[in-house]
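The following exercises concern the empty space, the aromatic contacts and the charged contacts of one protein model. Please work through each task with the structure open, and then compare your reasoning with the solution.

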Amino acid sequence: MKLLDKDFLLENEMAKTLFHDYAEKMPIIDYHCHLSPQAIYENKNYPNISRIWLNEGTYGDHYKWRLMRANGVSEDLITGDGDEYQKFLAWADTIEHAYGNPLYEWTHLELRRFFGIDEPLTVKSAPQIWEKANQLLATDDFKPRNLIKNSNVKLVATTDDPASDLHYHKLLQDEEAESGFKTVPAMRPDKLMQIDKPGFGEYLQTLAKAAGVTINSFQDLAKALRQRFKFFKDMGSRLSDHSLPSYHFVELSEAELDQILTKAADGATLTERERDGYTTALLEVLMKLNNEFDWVMQFHINSLRDANKPMYEKLGPDTGFDSMGTQPDIVDGIQKLMTKMSAEGVVPKMIFYSLNPNDWMELATLMQSFQGQTKQRIQLGAAWWFNDTAEGMDEQLRVFAQQSLLPNFVGMLTDSRSFLSYPRHEYFRRVLCNFFGRLVAQGRVPDDAEILGKVVQNIAYNNAHEYFGFFD
């Protein structure tokens, strides 16, 4: 088989039929990404392929940066101010050593689908690819909005701080008919969750000003959040996202929570019990609000952030120094939280992603204890980050199918900062169709392309359309 030919990842005739006749041309709802609303609105051409691929301001591709470091590339050609053509050559040299890594396949999918370039990227081919790609990047078709629209994307949900004024979302709403797709915010309260980080007190003041609520107590904080939920919903939001690298369930009194909030606002050091108690109380408030506003609440759990502290201090977060978390009892804490919220009848629609695949079976079986009211109310999220490989996707599908109802799955997301990442949906759809093709070959599901075709179309697009309610 040739590199990335039309049937790559498709191992039998049913898999090929399901992909080419049913899944391939379905639209996309990109319900979780890190694209910049400002970049979407300003809609400027990128000056060269290095800028759109490797680093555009703070929106760099740390997937690529990690591989470049592994290939011995100097930091000035990764996150630094080195020559952009030399950065591209360094990436070409890196990709020549990336066989078996999904970035090898994603890189070449993007070259083919966007630029019509079929030859492998190597140091030798890099000069010609640089010239052709840069010529195309200067055209209207390669402006951000057209890259989204021409990828058959119907909706983009960005990640936004609750204190944001959503200025660019307002502007994009006014131009929605012209752009051809919706752009909506999704609330991501990282700064509020990170109570022990420097600057927490200043952030509380920022949030208070945005909400028009003076925050002197934990109840004031809950009131401020409710105001922001209303504002975000009026702006089209239907989901939130929560990073939970580690977690233990700890219940504290309201008086204790008020004291913790005051300590943190003053910059005092908190104990582990105080941090966990605050996080638990905040998650309870957020679950209630997600349920009240009929949002989907996403949890990204068990990651190890900023493992290389000297490089974190030099370059900041999201620069390629994260790894899989190993907290063995994190799902136990989530179970206790879910049990309490279930007793109060306020469990929202939820999606759980874990960076540690050892958690997947625990999460998949736990979620089945809290289903009801809505079809697949709780979901095991798509294979996330370092698991975002053909094998990782296949394993996530297997666990979901064996422990719940895979045909109800809301499918893939890009989780990306790049406007060229949409071929990841194609990649996922190929893995999905091959998964069902293999079940057919084993005699485990009906050998009926029409029935299975509807299933893969639902997972590719229809389920997300129904579950999130973005177009209601």
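## Exercise 1: Enclosed space

The largest cavity holds about 50 Å³ of space. The model is a predicted one, in which local features need pLDDT of at least 70, side-chain atom pairs count only at pLDDT 80 or more, and totals for chains, interfaces and linings use all residues. Residues are numbered from 1 along each chain as its sequence is written, and side-chain values use heavy atoms, with hydrogens and water left out.

**Task.** Determine which residues line the largest cavity, and how they divide into nonpolar, polar and charged.

**Solution.** Begin with the rule: on a 1 Å grid over the protein atoms alone, a cavity is a set of points where a 1.4 Å probe fits but cannot get out, a pocket is an open set with protein on both sides within 12 Å along at least five of seven lines, and lining residues have an atom within 4 Å of a point. Grid points are joined across faces, edges and corners, and a volume is the space filled by probe spheres set on the points. By this rule there are 4 cavities of 30 Å³ or more. Next, list the lining of the largest cavity, which consists of His300, Tyr353, Ala382, Ala383, Trp384, Trp385, Asp388, Met412, Leu413 and Asp415. Finally, sort these residues by class, counting Ala, Val, Leu, Ile, Met, Phe, Trp, Tyr, Cys and Pro as nonpolar, Asp, Glu, Lys and Arg as charged, and the others, Gly among them, as polar; the result is 7 nonpolar, 1 polar and 2 charged.

## Exercise 2: An open pocket

**Task.** For the second largest pocket, find which helix gives the most to the lining.

**Solution.** This pocket, the second largest, has a volume of about 450 Å³ and is lined by 19 residues, with Arg113, Asn150, Ser151, Asn152 and Glu426 nearest its centre. Helices are DSSP runs (H or I, at least four residues) and strands likewise (E, at least two), numbered from the N terminus. At least two lining residues come from each of helix 6 (102-115), helix 8 (144-149) and helix 20 (423-441), and helix 20 gives the most, with 4 residues. By class, the lining has 8 nonpolar, 5 polar and 6 charged residues.

## Exercise 3: Aromatic pairs

**Task.** Classify the pair of Phe88 and Trp130 by its geometry, and say which helices it ties together.

**Solution.** Rings of Phe, Tyr and Trp (its six-membered ring) pair if their centres lie within 6.5 Å, with planes under 30 degrees apart counted as stacked, over 60 as edge-to-face and the rest as tilted. The whole structure yields 25 aromatic pairs. Phe88 and Trp130 are 5.4 Å apart centre to centre with 45° between the planes, and the pair is therefore tilted. Because Phe88 lies in helix 5 (residues 84-95) and Trp130 in helix 7 (residues 126-137), the pair ties together parts that are 42 residues apart in sequence. Both Phe88 and Trp130 are buried (under 20% relative accessible area, against over 50% for exposed and partly exposed in between, with a 1.4 Å probe and protein chains only).

## Exercise 4: Salt bridges

**Task.** Decide whether Lys263 and Glu274, joined by a salt bridge, are buried or partly exposed.

**Solution.** A salt bridge is a side-chain nitrogen of Lys or Arg within 4 Å of a carboxyl oxygen of Asp or Glu, and the structure holds 29 of them. The closest N and O atoms of Lys263 and Glu274 are 3.1 Å apart. Lys263 is in helix 14 (residues 254-265) and Glu274 in helix 15, 11 residues apart. With a relative accessible area of 27%, Lys263 is partly exposed, whereas Glu274, at 15%, counts as buried.
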